[in-house]
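Here are my notes for you as a newcomer to this one. Have a look at the picture first, then read the points in order.

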Amino acid sequence: MSNPFVRIVEPLDPKQPLKKFFNLSKLEDVRYARLPFSIRVLLEAAIRNCDDFLVKKEDVENILNWKVVQHKNVEVPFKPARVILQDFTGVPAVVDFAAMRDAVKKLGGDPEKINPICPADLVIDHSIQVDFNRRSDSLQKNQDLEFERNKERFEFLKWGSQAFKNMRIIPPGSGIIHQVNLEYLARVVMDQDGYYYPDSVVGTDSHTTMIDGLGVLGWGVGGIEAEAVMLGQPISMVLPEVVGYKLVGNPEPLVTSTDIVLTITKHLRQVGVVGKFVEFFGPGVAQLSIADRATIANMCPEYGATAAYFPVDDISIGYLIQTGRDKEKVMCTKKYLEAVGMLRDFKNSSQDPDFTQVVELDLHTVVPCCSGPKRPQDKVAVSDMKNDFETCLGAKQGFKGFQIAPDRHNSIVKFNFEGCDFELAHGSVVIAAITSCTNTSNPSVMLGAGLLAKKAVEAGLTVKPYIKTSLSPGSGVVTYYLRESGVMSYLSQLGFDVVGYGCMTCIGNSGPLPESVVEAITQGDLVAVGVLSGNRNFEGRVHPNTRANYLASPPLVIAYAIAGTIRIDFEKEPLGINASGKKIFLKDIWPTRNEIQAVERQFVIPGMFKEVYQKIETVNKSWNALDAPSDKLYTWNPKSTYIKSPPFFDGLTLALQTPKTIEDAYVLLSFGDSVTTDHISPAGNIARNSPAARYLTSRGLTPREFNSYGSRRGNDAVMARGTFANIRLVNKFIDKQGPQTIHFPSGETLDVFDAAERYKQAGHPLIVLAGKEYGAGSSRDWAAKGPFLLGVKAVLAESYERIHRSNLVGMGVIPLQYLPGEDAVTLGLTGRERYTIIIPEKLKPQMNVQIKLDTGKAFHAIMRFDTDVELTYFHNGGILNYMIRKMAS
């Protein structure tokens, strides 16, 4: 471990003489003290791996020169300490590992080399759906149905936990991946291999950044990249710019952490932080709990940054103790961080590092707000919600418009539910869900919701019975403190019973709405509303029948459920009128911050965390009873519609194939801005008239057995057919929303998969045209795998979201970007041309390549392989092909 930049110092803990650390703060170099804390973690990772043949000693020097080289596309390797996965992305990762073992064996290598070499935790949290709600046994019935639907997937994952070393499975019913990471899995400081060093993590879920709130540097990557990391491959990244986000002031008493993060999300989208780190500093940070910071870090993907880092301070250390971590280890953690100059005092401005850019928010200016109706960054003050929604009704179809004719704005549809008559209108709330890692990890907003529910019930308020209400906590700890504090029964009385421990409504597992409600929405072509305490509200994600979806704090979710409509001005209009005829306003039942904090101090205690987490891996009896094979190679079942050996490695040889020019490609789809990974590869229900449904029907399944796209990610036949299958897809070739395109040789309008199949059979390559922020949203590897299987060779976009671009690289799909100031409009592209993309023999990062059209026109675009390592992956046909060749040889 010798290198010129560090010295090994004496152990922190005399009981453990082997535990040493690199004392970076004692570098005889003033540059270290000016580095952002997040960059210090990268420096430590480079030094720790300095003897690795992939890591050059000049990488360390580059990081120390961060301020100088950050704009020069300097490439650095990053080896995170841990990898974390959830089941929607974890199943395809384990499928790939199983297929890679087969491929390595065929090439004459040792298949057991395909094995995680760093700790990998997989939390099963994406499978459970809200099939049952508003009943005392909802939790058990949803969990039973989850096992009925997903038994085969769970058996496969259990095989994986036995076949692969270093892979731990957290069973279903335990909680949401990021909350479990925050409360239990995160170490903050690793104590391993004779050394202390900072904890760091990458995950196959974009909201892995939530752990940044505890001072653990982490971010989401595609499943493909995560697999390479697990096999020992560093993440090759361009040394990032770091935007310093200064927080000052104190929030108003009625403001929640949700309001703060929605404000920050809009602000940073305007600033522009894609591909950058954001690091929070300033005295305002000291006003925020770790749960508040985690809420802000969680929504990092929504504002587009790579990481949203809060350095460790004394509040972080206190949180480790509060959540039941071992006190001796916590004290060693603190000593280590002090010794290496990484324990932050946010009130001490002399510790403020240099940043690329500094932006500021006065917390006192934040007001209660929501975001919607179609994007997380579209913040709306609660006081403006009614007017904003009514404006959206008539506005042109788009992110803030539904294009409803003026004479239909006040349409009403009457319907009957359980023997009673009700009315629905534009803006009627039909889903109200307290859900998602973003907010259910935060005791202040959860207890705030519970106290609001208590006051609402005592005031005589109710929620209409047809509204689909639900509460899906991020861990068992939440239920514990809600129950112990006495508010759980009031939440239940308003319909917010615990329905499961998982992402549920936030990921689109909202389950069915009552048939009479769906009929009323359809009959009136109504813009019905979902209100959820989640982090995403992209079109078609939450539920097919809620065209408007708003992100809100848990207390506001309850408030809108009681009101029954988004078209309410809480300041002027009552939430409801009780049996005595008294008007009850929101201000009458909103709990004060002092009330919430008093309950939190009394009931959120270390014993709860210890009791819940000491049995987390064994508490699920259904999981314990699963019988999984013990073979090191997986025996594929050809009849399975869940688990299938993917075709990615078919015909793979040790010899590299030289990349060839893409000739006369057709455009499969032409998009505008903000096409999300949900548009590309939806996670929700499989529509009965879709190519995926036709395939499953041909295999003997009924619609009741279709399950969701997310649960089918272990089967490439389903996922290829589900690519671009989102019902809200807007393709410029088609004059209405829907998953269709034009097959240009025949002129026919077809489902996207069917059109791609025709092109493939005729031997025609395909490309996709797109606008800005292509691939925003989830770190969904199938959003790259799916287009690859459809025959898409390249995407040409104005800009990419970070994770999706790396996923395209990982699959060998070329991400092309228009030159600055150019786009499809300025170049006069219609998408009906045929495109030849010239691939030179000698490639270099971010080089310009020529694109020729069959019209005779030509232009240049940037080939977005950003590093030499990414070019190596491209020459191999993708990351996984590279790893197979590496292991086989």
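1. Let's start with salt bridges: the structure, which is a predicted model, holds 39 of them. One of these joins lysine 334 and aspartate 314, whose side chains meet with N and O 3.4 Å apart. Lysine 334 sits in helix α13 (residues 327-339) and aspartate 314 in helix α12 (residues 314-322), so the pair ties together parts that are 20 residues apart in sequence. As a reminder, side chains of opposite charge can pair when their charged atoms come close.

2. How far can you trust the coordinates? The protein chain has an average pLDDT of 92, and 96% of the residues score at least 70. Residues 1-8 are another matter, since pLDDT stays under 50 there. The model does give that stretch 27 contacts beyond four places in sequence, but where pLDDT is low, the predicted coordinates should not be read in detail.

3. Next, the layout. The protein chain splits into domain 1 (6-78), domain 2 (82-365), domain 3 (369-611) and domain 4, which is made of two pieces, 662-681 and 723-888. For domain 1 and domain 2, the centres, taken over C-alpha atoms, are 22 Å apart.

4. How much area is buried between domain 1 and domain 2? It comes to about 3,700 Å², with carbon and sulfur atoms giving 62% of that. In terms of residues, 39 from domain 1 are in contact with 42 from domain 2.

5. Which residues form the salt bridge between aspartate 354 and its partner? Aspartate 354 pairs with arginine 34, and their closest N and O atoms are 3.2 Å apart. Across the interface of domain 1 and domain 2, the rule finds one salt bridge. The count of residue pairs in polar contact between these two domains is 14, with both residues at pLDDT 80 or more.

6. Now look at the side of domain 1 that touches domain 2. At least two residues each come from α1 (31-34), α2 (37-48), α3 (57-64), α4 (66-69) and β1 (75-78). The largest share, eight residues, is supplied by α2. By type, this side of domain 1 has 21 nonpolar, eight polar and ten charged residues.

7. Finally, a spot worth finding on screen: arginine 802, in helix α30 (residues 802-810). Its C-alpha atom is 5.9 Å from that of glycine 275, although the two residues are 527 apart along the chain. Neighbours within four places in sequence aside, arginine 802 is in contact with Trp219, Gly220, Val274 and Thr306.

Terms used
Residues are numbered from 1 along each chain as its sequence is written. Side-chain values use heavy atoms; hydrogens and water are left out. Domain bounds come from an automatic or database domain assignment. Contact means heavy atoms within 4.5 Å. Buried area is the accessible area (1.4 Å probe) that two parts lose on being put together, summed over both. A salt bridge is a side-chain nitrogen of Lys or Arg within 4 Å of a carboxyl oxygen of Asp or Glu. A polar contact is a pair of N or O atoms within 3.5 Å; within protein, one must be able to donate a hydrogen and the other to accept it, and residues adjacent in sequence count only if both atoms are side-chain atoms. Helices (H or I, at least four residues) and strands (E, at least two) are DSSP runs, numbered from the N terminus. Ala, Val, Leu, Ile, Met, Phe, Trp, Tyr, Cys and Pro count as nonpolar, Asp, Glu, Lys and Arg as charged, and the others, Gly among them, as polar. pLDDT is the predictor's confidence in each residue, from 0 to 100.
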